Amino acid sequence: MACRPLVHRPGASGVASSRDSIDDVHVCEPGLVVLEDITAGDEETAVVVMPRLDALRATSGVRPVRRVAGEPGVRTRLYADIRRPGSPNPV
């Protein structure tokens with residue numbers, strides 16, 4: 001499977017949705033990371049934290065937030081390339 005590094009924008013090629021499994025393409029090179037199960041008490045908090053992370057490093061941007069039955073809070077996932085700087089104007 002060929003590695004497809006992150007493109008700095010939501011919905012970019014090679015970036016899966018929050019419900020997809022993590023596979024080799026997400027971490028196929030040094031510097032690519034998956035911040036899985038970012039958990040917050042509510043959707044608003046999760047949506048606020050994602051652009052702040054985007055300001056630090058290139059990320060997949062604001063991702064869908066989901067609830068897991070029987071578990072507290074909401075969850076999301078973020079894909080990041082720590083080799084690249086963040087967005088000066090995160091979404």
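## Why the terms apply

Colleague: Why is Arg84 called partly exposed?

Modeller: Arg84 has a relative accessibility of 31%. Buried means under 20% relative accessible area, exposed over 50%, and partly exposed in between, with a 1.4 Å probe and protein chains only. The value of 31% lies in between, so Arg84 counts as partly exposed.

Colleague: What kind of model is this, and how are its residues numbered?

Modeller: This is a predicted model, with residues numbered from 1 along each chain as its sequence is written. Local features need pLDDT of at least 70 and side-chain atom pairs count only at pLDDT 80 or more, while totals for chains, interfaces and linings use all residues; side-chain values use heavy atoms, without hydrogens and water.

Colleague: What is the average pLDDT of the protein?

Modeller: The average is 78, and 75% of the residues score at least 70. pLDDT is the predictor's confidence in each residue, from 0 to 100. Over residues 7–18 it stays under 50, and for this stretch the model has 37 contacts beyond four places in sequence, a contact being heavy atoms within 4.5 Å.

Colleague: Which secondary structure does the protein have?

Modeller: The protein has one helix and three strands, in the pattern β-α-β-β along the sequence. Both kinds of element are DSSP runs numbered from the N terminus: helices are H or I with at least four residues, strands E with at least two.

Colleague: What makes β1 and β3 a pair?

Modeller: Two strands pair if DSSP finds at least two bridges between them. Seven bridges join β1 to β3 (residues 74–85), so these antiparallel strands satisfy the condition. Ile38 stands opposite Thr76 in β3, and Thr39 stands opposite Arg75.

Colleague: How do you know that β2 and β3 pair?

Modeller: Three bridges link β2 and β3 in the antiparallel sense, so the requirement of at least two is met. Arg57 has Pro85 in β3 as its bridge partner. Arg84, also found in β3, has its C-alpha atom 5.5 Å from that of Ala58, although the two residues are 26 apart along the chain.

Colleague: In what order do the three strands form the open sheet?

Modeller: The order is β1-β3-β2, with antiparallel pairing. The edge strands are β1 (32–40) and β2 (57–59), each of which pairs on one side only.

Colleague: Why does Tyr79 count as buried?

Modeller: The relative accessibility of Tyr79 is 2%, which is under the cut-off for burial, and therefore Tyr79 counts as buried. Tyr79 lies in strand β3. Its C-alpha atom is separated by 5.2 Å from that of Ser60, 19 residues away along the chain.

Colleague: How many of the 91 residues of the protein count as buried, as a percentage?

Modeller: The buried share is 38%.

Colleague: What makes up the largest nonpolar core?

Modeller: Its seven residues are Ile38, Ala40, Ala46, Met50, Val65, Val74 and Leu78. A nonpolar core is a set of buried Ala, Val, Leu, Ile, Met, Phe, Trp, Tyr and Cys residues joined through side-chain atoms within 4.5 Å. At least two residues of this core come from each of β1, α1 (43–56) and β3. In soluble globular proteins, nonpolar side chains tend to be buried together.

Colleague: With which residues is Ile38 in contact, leaving aside its neighbours within four places in sequence?

Modeller: The contacts of Ile38 are with Val49, Leu53, Val74, Arg75, Thr76 and Leu78.
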